[in-house]
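Work through the following exercises with the sequence and the model side by side, and try each task before you read its solution.

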Amino acid sequence: MMIKKGNMSIQLKENVNELNLEIEELLKVKELLIQSSSYKLLYGKTQSSEQKNTQIIRSRLEHSQNISEIAQSIISGIYDECATEEQKKSEIFILNKKKELLYTEICSLAHDLGHTPFGHDGERTINHFMQEINDTEQIDAIIAKRIKCFGNDYEEEQGHIGSDITLSFEHNEQSALIFYDLLHNGTIDLEHIDANRMITAILAHSTTRVPEPPKDLVAQAIRHTDKIEYKNMDFSELGNYIKLEKFKNPDFAQKTSQERIYEIVAKIVKEAIQKGKITDHMDALQNLEELRKSYENVIYFLEEGTKGLLTAENVVRNRLIVEKLLSYYYKNPEQIHTKYYSKVTPLNLSVQDSIRSTFDTLENSDCTNIEKSVNFILSMDNDKIKKHYLKLVRQRIVTGEGVEPITQGDFELVKKTLEEDKIEQFRAKEFAKSRQPHTRKEIRNIIRAKDERFKNEMLTPQGLATIEATKRKIAEEANLDFALCEQMEQADLARKYKREEKIDIAVLDSLIRTTPKLSEEERRHQSAMKVKEQWQSHNPSAPGEDEEGPGGR
């Protein structure tokens, strides 16, 4: 059976028994997914800030749920537009549509399973760490697992077949690997579902890693919806900080988040039917792209090691925390405790035996030290990884074994690297076709002048005040790290000369726990968020609903 409209043609399966079996297995996959530790951990991994401690800061879990709802709206709209009223009533159409919506929901919810603490900053740090590994035995073992999941052709495209192979880390590939393990460790009958289709859709949501758009309609929808969701919701979070009248299209900017999403979904459905597919460049996204260009400085502004002026994110410190922990656990895998690898809490006890977290890799003798250390980092959310870093610093000071605190030299080196990266990006973007050469100093001054102009022209007083709050936070964290360095040096000297100088643990603990005091309202909200983390059922928010804030990157 075929449904068709414009240039869009969709072939429907006609075997009702096969459709019912496929739907039954997909429902099992969905249940396993939403009860897995990898999925639940997304609640503590935010989109564009360090900690989820306010209502306007949204987690990757909520980002994934919103994508699921929007992508399903697109697929549903295309199916309904292509079918006649008579076809819509048929059992074959109803079952096929239900099946496609399940594929869409599962792939959407799973697309960010492999995200690290601190988002793309953590991802870049792990990627750099992986590229420095030269243990051929471990590299070969990891590539073999990747080939099982992605296929030989994909690995060859990524340069992982042949000589002089280096590893890499990308969150879309890690998401696919986690999902692959979930499928093969559960009691799923893989003969009745298209596992490769889901793996491909998860991989293809990254346009940088998979530049060619996928052929599958569900994968196309998810690839697009990921960008639609975070660009729209970023703006929803930043609304209080930017002067709306300054936008190129103020009418679109002043619509509610839900209104913008419904408008975009309707346009995408219409355009997809005309083109016969959802392409990487849709006219339906023109207004949203213009909106993004107008506010992206707020997201990517870089000053004194910060990213995202309105989220107070210390990029330099985040990267150093991940880097130090990765290095420590790669060299000391025996220090990774198994309790961190068993975070699955089934919501339905009937499926308890079939659920196995992908973090339970320590029990697997085939797991390399690289995988153990990376998986351990992924098993922590933003808040926990910072606490874990401080715990190991305390251990280093007291016992001499653990993680060294971040030094001023560490900070300045990473900060300089970030600045150089931004200069190169700006050179490539702004001066790619220019015949006039620009020195680094000139570009640095251009960037600073542009950022200063943006602050003065586009930001509200509340936005400017947040800039100052960000700077204060960075200074507080730097003072903490430098104080810990001093404590460590004193302890090392005492050990070196075998002096019986006892470390005042109370002073050390007071340093580690130095954090800005929360207001009464913030404390109440934190308590509410802890309750929400114990959620007992999967309840996606409505399309475009910005209950918890923005998305991104």
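The exercises below concern a predicted model, and each task is followed by a solution in steps.

**Exercise 1. The protein as a whole**

Find how many helices and strands the protein has, and state what percentage of its residues count as buried.

Solution. Begin with the secondary structure, where the protein shows 22 helices and five strands. Next, turn to burial: of the 553 residues, 54% count as buried. Then consider the surface, for the protein exposes about 26400 Å², of which carbon and sulfur atoms supply 47%. Finally, look at the contacts between residues at least 6 apart in sequence, among which 76% join residues at least 24 apart.

**Exercise 2. Salt bridges between distant parts of the chain**

Decide which parts of the chain are linked by the salt bridge of K30 with E105, and then examine two further pairs in the same way.

Solution. Side chains of opposite charge can pair when their charged atoms come close. The cut-off needed here is 4 Å between a side-chain nitrogen of Lys or Arg and a carboxyl oxygen of Asp or Glu, and by this rule the count comes to 38 salt bridges.

- Step 1. The closest N and O atoms of K30 and E105 are 3.1 Å apart, and the two residues form a salt bridge. K30 belongs to helix α1 (residues 16-34) and E105 to helix α5 (residues 91-110), so that the pair links distant parts of the chain, 75 residues apart. Because its relative accessibility is 8%, E105 counts as buried.
- Step 2. D121 and R319 form a salt bridge whose closest N and O atoms lie 3.5 Å apart. The pair links helix α6 (residues 119-131), which holds D121, with helix α15 (residues 315-331), which holds R319, across 198 residues. D121 and R319 are both buried.
- Step 3. R209 and E173 meet through their side chains in a salt bridge of 2.7 Å, N to O. R209 sits in the loop between α10 (195-204) and α11 (217-238), whereas E173 is in helix α9 (residues 171-185), 36 residues apart. Both of these residues, R209 and E173, are buried.

**Exercise 3. Helix α18**

Compare the reach of helix α18 with the expected value, and list which of its residues are buried.

Solution. Helix α18 covers residues 408-430, and its 23 residues reach 32 Å from the first C-alpha to the last, close to the 33 Å expected at 1.5 Å a residue. Its buried residues are F411, V414, L418, E420, K422, I423 and F426. One of these, E420, also takes part in a network of salt bridges with E419, E424, R427, R440, R444 and R448.

How values were computed
Residues numbered from 1 in each chain as written. Predicted model: local features only at pLDDT ≥ 70, side-chain atom pairs only at ≥ 80, totals over all residues. Heavy atoms only, no water. Helix = DSSP H or I, 4+ residues; strand = E, 2+ residues; numbered from the N terminus. Buried < 20%, exposed > 50% of the residue type's maximum accessible area, 1.4 Å probe, protein only. Contact = heavy atoms within 4.5 Å. Areas by Shrake-Rupley, 256 points an atom, 1.4 Å probe, with all protein chains shown as cover. Expected span 1.5 Å × (residues − 1).
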